Protein chains: 2
Amino acid sequence: MPGPIQSIERAAAVLRLLASGARRMGVGELARALELPKPTVHGILRTLQLVGFVEQSPDTGKYQLGAALFHIGSSYLDGNELRTRALNWSDSLAARSMESVRIGTLHEAQVLVVHHVFRPDNSRQVLEVGALLPAHACAMGKVLLANDPVGHVDDEPLKAFTNATITDLDRLSDALEQVRQRGWASDVEELVEGEVSLAAPIRDRRTVTVGAIGISGPIERLCDADRQPRTELVSYVREAARSISRELGAIPW
Amino acid sequence: MPGPIQSIERAAAVLRLLASGARRMGVGELARALELPKPTVHGILRTLQLVGFVEQSPDTGKYQLGAALFHIGSSYLDGNELRTRALNWSDSLAARSMESVRIGTLHEAQVLVVHHVFRPDNSRQVLEVGALLPAHACAMGKVLLANDPVGHVDDEPLKAFTNATITDLDRLSDALEQVRQRGWASDVEELVEGEVSLAAPIRDRRTVTVGAIGISGPIERLCDADRQPRTELVSYVREAARSISRELGAIPW
DNA sequence: CGCACCGTACGACATTGTCGAACGGCATTC
DNA sequence: GAATGCCGTTCGACAATGTCGTACGGTGCG
């Protein structure tokens, strides 16, 4: 039976839609979006509700993601070796750099944040674990794209977030080439005005890049007067990346 | 067609199993656990892999949860009104109490942690968002059980974690009655030796308890000499819970 | 070498999910 | 206040769909 199971595929599509929609959605709404008959969607929703993957508002009748899905999804982190091994090192990187630290993997041409350490200054910060960042506009993304065997670029036109965002494909591949040579990447106000990020690759025992670790913060703290990343911060990040890689078995010595 | 869709139910069971197993599992292993033929399980896995809900190790051939599931699951938090509204208040509760703060909901007789603020002292702490805590052995759980319309207790014998854990059903319902009267709950070394937690209920506009907020920390800081929770901490927690409830529309004045 | 186990492929069968049509409830409209 | 639109939900016949016995190639172990 080499072929996917239709109903499961559809159920996944429903969940994806509910996840992207941000708000609750009705049966008809989902049916229209998926181009499926309403009763079909309803059957799927009923089953997903039974297993706790979606919940239904008692009053409006609309559906949203369920708690069980959240809990199961978060168990992904337990099995994620990259994240487990990186826990200690990211803490110490945060302490040394005094900036917030994130660890990410490439997922469908975007950066999936699997770990996030807040900047150690007690400021109010939002947890970004589970979020997807645009790969072409952040340092972690560039690191991952530069070392990606599958060319994940050229899927779609590159979206601009600020006027420093790289939107040209040629310029991006030049930048990626530079990242490959230097061994680290930076993003200077390419995703958020005034924000800078630095990142370096994490490799496993097969020397494949499996993730990236990076810091991010305001440009005044991360860059010098020439808008260049401060060298000591770059080395902190690269050292952290190397330490994690060593723990994953990439560097035998 | 009032009846769940078999394949989706089974797919959910596979995911649950993979989530609980902590490590990677093989097709045969899953098939045996679910009492299903191997090819059936394989078909499900193939589909789940296609949609990114599971991943397969290239070398061992075993399966584990996938990144897509993690990302979709984490979107649950965006739609969770309780958590959204509670963000600010939990930060300030952490600042006032100088302890770590958690927000939880009842999920299948356990406490699902939907938010977690670290203790503001730069110490190394593990993020517990997405985790499930035993309801009868923590303060948030007691608050939720005490205000639960469905009697979620008596499902199974109560598991002991320390020798202070309440394992007797009658003693538990006495404790819950006290929680209802006082309006807050405590757990003194009932889950972890040396650890204490305090919690209060969060109600929504229908005055239904939809969650709980609480702090936890070492007994020396949370309790006085008589092992009684310190009153000022209790009021901090209760005030935070009331503020969130008011924001959810529970208290009109 | 042979055995046991793995993940995977095939394909006949009937179980299973699909989806057009229809129902009751709720707003809104005229 | 009847009419209309939309909603989430149910029914049930049909056939498409997924199920699962059987079998294959690969790997590790004794």
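**A walk through a two-chain model**

Helix α4 of chain B, residues 67–74, is mostly covered, with 7 of its 8 residues buried. The buried ones are B:A67, B:A68, B:L69, B:F70, B:I72, B:G73 and B:S74. Keep in mind that this is a predicted model.

One of these residues also marks the symmetry. B:G73 comes closest to the rotation axis of all residues of chain B, with its C-alpha at 2.5 Å. What rotation brings chain B onto chain A? A turn of 180° does it, with 0.0 Å of shift along the axis and an RMSD of 0.1 Å. That is the relation of a two-fold axis. In general, two copies of a chain are related by a rotation about an axis and a shift along it.

The contact surfaces tell a matching story. Of the interface residues of chain B, 96% are also interface residues in chain A, so the copies meet through the same surface.

B:H107 shows one place where the chains touch. This histidine is found in strand β3 of chain B, residues 100–107. Is B:H107 buried or exposed? Its relative accessibility is 12%, and buried means under 20%, so B:H107 counts as buried. Leaving out residues up to four places away in sequence, B:H107 touches A:A67 and A:A68 from chain A. Within chain B, B:H107 touches B:L112 and B:L132. B:W89 is another matter. B:H107 and B:W89 are 18 residues apart in sequence, and their C-alpha atoms are 23 Å apart in space.

Now step back to one whole chain. Chain A holds 10 helices and 8 strands. The domain assignment splits chain A into domain 1, residues 6–73, and domain 2, residues 76–247. The C-alpha centres of these two domains of chain A lie 33 Å apart. The C-alpha trace of chain A spans about 60 × 45 × 40 Å along its principal axes. Chain A has 253 residues, and 52% of them count as buried. Chain A exposes about 11600 Å², and carbon and sulfur atoms supply 50% of that area. Consider too the contacts in chain A with a separation of 6 or more: residues 24 or more positions apart account for 52% of them.

Next comes the sheet of chain B. In what order do its strands run? The order is β5-β4-β3-β8-β7-β6, in an open sheet of 6 strands with antiparallel pairing. Strands β5 (132–134) and β6 (185–188) of chain B are the edges, each pairing on one side only. From one strand to the next, the twist averages 30°. Helix α10 of chain B, residues 231–247, packs on this sheet. Helix α10 touches β7 and β8 of chain B, and its direction makes about 25° with that of β7(B).

Follow β7(B) through its two pairings. Strand β7 of chain B covers residues 195–203 and pairs with β6(B) in the antiparallel sense over 4 bridges. B:S186 has B:L198 as its bridge partner, and B:V188 has B:V196. On the other side, 9 bridges join β7(B) to β8(B), again antiparallel. There, B:S197 stands opposite B:S216 of β8(B). Why is β7(B) described as largely enclosed? Of its 9 residues, 7 are buried, so the rest of the structure largely encloses β7(B).

Both pairings of β7(B) are hairpins. The β6(B)–β7(B) hairpin has 6 residues between its strands, and B:E189 in the turn has a positive phi of about 55°. The β7(B)–β8(B) hairpin has 5 residues between its strands, and B:T207 in the turn has a positive phi of about 60°.

Chain A offers a residue to set beside B:E189. A:E189 is found in the loop between β6 (185–188) and β7 (195–203) of chain A. A:E189 has a positive phi of about 55° although it is not a glycine. A:E189 is buried, with a relative accessible area of 15%.

One more residue with positive phi closes the tour. B:R227 is found in the loop between α9 (219–222) and α10 of chain B. Phi of B:R227 is near 60°, a positive value in a residue other than glycine. B:R227 is partly exposed, with a relative accessible area of 41%.

Key. Residues are numbered from 1 along each chain as its sequence is written. Chains are lettered from A and ligands numbered from 1 in the order in which they are written. This is a predicted model: local features need pLDDT of at least 70, side-chain atom pairs count only at pLDDT 80 or more; totals for chains, interfaces and linings use all residues. Side-chain values use heavy atoms; hydrogens and water are left out. Copies are superposed by least squares on the C-alpha atoms of residues with pLDDT of at least 70 in both. Contact means heavy atoms within 4.5 Å. Two strands pair if DSSP finds at least two bridges between them. Axes are lines fitted to C-alpha atoms, for helices over the stretch in contact, and angles run from 0 to 180 degrees between N-to-C directions. Domain bounds come from an automatic or database domain assignment. Buried means under 20% relative accessible area, exposed over 50%, partly exposed in between (1.4 Å probe, protein chains only). Accessible areas come from the Shrake-Rupley method with a 1.4 Å probe; for residues, only the protein chains shown count as cover.
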